[in-house]
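Let's take a walk through this protein together, starting from one residue and working outward. Keep the structure open beside you as you read.

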Amino acid sequence: MAVVGVLALQGSYNEHLAALRRIGVRGVEVRKPEQLQGLDSLIIPGGESTTMAKLANYHNLFPALQEFVGTGRPVWGTCAGLIFLANKAVGQKSGGQELIGGLDCTVHRNFFGSQLQSFETELSVPMLAEKEGGSDTCRGVFIRAPAILDVGSDVEVLADCPVPSDRPSITIASGEGVEEEVYSKDRVIVAVRQGNILATAFHPELTSDSRWHRFFLDMDKESDTKAFSALSLSSSSRDSQDGSKNKPLDLPIFE
Ligand SMILES: NC(=O)CC[C@H](N)C(=O)O
């Protein structure tokens, strides 16, 4: 059976583990470098990226995480996890923070503003519907969310969303002082894929729609001949576990 690691330093790792359980996949908590060995793939959850980086440093996890991403095994970052995977992050606390990197994009850490500007919206995700069935939208739960300002040529954009009209202008502390941040486009990128790296600025693990978790597991199958026993679930049992088909998307999802 495929073993999916979930970085369990801080943030919504329990919700990811529960989402994996709902589709019959074993997730294991990762807190130490040696726990990355033997994993088929890794999820880096949302939370607070500066705190998570401090804890990752404390446990000397960065070299092992960078090596894991370098092996090409699937890695999915949600929210703070997206920030961790970006090659470049802006809007950081002064002094910045260490990143794992690997995803060729620039991310703004708190693009949509403070915790008070958290929101939910329906996102158009035709790719997800095409690959995993169901509706061509998904519920996007954005909690003091980052967004992706630009991407490299190898990065596929999976979803974007309108920039809220009440989005506050944000100042960025840089080495030279404080800069006003300007974003002039009316839409912003919130989900991308680059090879085996998946990143979402929102939290699919907080909804009952399992399709992002399925899509993540399917990525490895696509690029590798390894078979996930989780995916040998019959289509009827998969359908019966797919909250997006059988009931409205409910929040919150806790177990
Ligand atoms: N929900 C989240 O993961 C928020 C991430 C947050 N913006 C950060 O900087 O870490």
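## A walk through the predicted model

Let us begin at Glu205, which, leaving out residues up to four places away in sequence, touches Ser12, Glu15, His16, Ala19 and Thr78. Keep in mind that what you see is a predicted model. To place Glu205 along the chain, look at the loop between strand S14 (197-200) and helix H6 (211-223). Is Glu205 buried or exposed? Glu205 is buried, because 28 other C-beta atoms lie within 10 Å, and 20 or more are enough to count as buried.

Why start there? Glu205 is one of the residues that UniProt, in an unreviewed entry, lists under "active site", together with Cys79 and His203. These residues are spread over 127 residues of sequence, yet they cluster in space, with a largest C-alpha distance of 11.0 Å.

Cys79 deserves a visit of its own. You will find Cys79 in the loop between strand S4 (75-78) and helix H4 (80-85). Cys79 is buried too, because 28 other C-beta atoms lie within 10 Å of its own. Setting aside residues up to four places away in sequence, Cys79 touches Gly46, Ile143, Ala145, Pro146, Ala201, Phe202 and His203. The list thus includes His203, which appears beside Cys79 in the UniProt "active site" entry. The backbone is worth a look as well: Cys79 is not a glycine, but its phi is positive, at about 60°.

Now turn to the ligand. There are 13 residues around it, and those that come nearest are Gly46, Ser49, Cys79, Ala80 and Ile143. Sorted by character, the shell around the ligand holds six nonpolar, four polar and three charged residues.

A second record fits in here. Under "binding site", again in an unreviewed entry, UniProt lists Gly47, Glu48, Ser49, Arg109, Ile143 and Arg144. They span 98 residues of sequence but cluster in space, their largest C-alpha distance being 12.6 Å. Among them, Ser49 and Ile143 are also named among the residues that come nearest to the ligand.

Two members of that list make a useful pair to inspect. Glu48 sits in the loop between strand S3 (41-44) and helix H2 (49-58). Glu48 counts as partly exposed, because 15 other C-beta atoms lie within 10 Å. Beyond its neighbours within four places in sequence, Glu48 is in contact with Gln10, Gly11 and Ala80. Arg144, for its part, is in the loop between strand S8 (137-142) and strand S9 (147-151). Arg144 is also partly exposed, because it has 18 C-beta neighbours inside 10 Å. Neighbours within four places aside, the contacts of Arg144 are Asn110, Ser114, Gln115 and Ser118. Arg144 has a positive phi, near 40°, in a residue other than glycine.

From Glu48, step along the chain into H2. Which residues of H2 are buried? They are Ser49, Met52, Ala53 and Ala56. These residues lie on the same side of H2, because they cover an arc of only 100° around the axis. The spacing fits a general rule: an α-helix has 3.6 residues a turn, so residues three or four places apart point the same way. The packing partners of the buried residues of H2 are helix H3 (62-70) and H4. Just after H2, Asn60 takes a positive phi of about 55°.

Finally, step back to the whole protein. Its secondary structure comes to eight helices and 14 strands. Of its 255 residues, 42% count as buried. Among contacts between residues at least 6 apart in sequence, 72% join residues at least 24 apart.

How confident is the predictor? The mean pLDDT is 86, and 81% of the residues reach 70 or more. Over residues 225-248, however, the pLDDT is below 50, although this stretch has 37 contacts in the model beyond near neighbours in sequence. The model as a whole scores ipTM 0.95 and pTM 0.86.

Terms used:
Residues are numbered from 1 along each chain as its sequence is written. This is a predicted model: local features need pLDDT of at least 70, side-chain atom pairs count only at pLDDT 80 or more; totals for chains, interfaces and linings use all residues. A residue is near a molecule or strand if its C-beta atom, placed from the backbone, lies within 6 Å of it. Ala, Val, Leu, Ile, Met, Phe, Trp, Tyr, Cys and Pro count as nonpolar, Asp, Glu, Lys and Arg as charged, and the others, Gly among them, as polar. UniProt positions are given in the numbering used here, feature names are shortened, and annotations may be inferred rather than shown by experiment. Helices (H or I, at least four residues) and strands (E, at least two) are DSSP runs, numbered from the N terminus. A residue is buried if 20 or more other C-beta atoms lie within 10 Å of its own, exposed if 12 or fewer, and partly exposed in between; C-beta atoms are placed from the backbone. Two residues are in contact if their C-beta atoms, placed from the backbone, lie within 7 Å. The arc is that of the directions from the helix axis to the C-beta atoms. pLDDT is the predictor's confidence in each residue, from 0 to 100.
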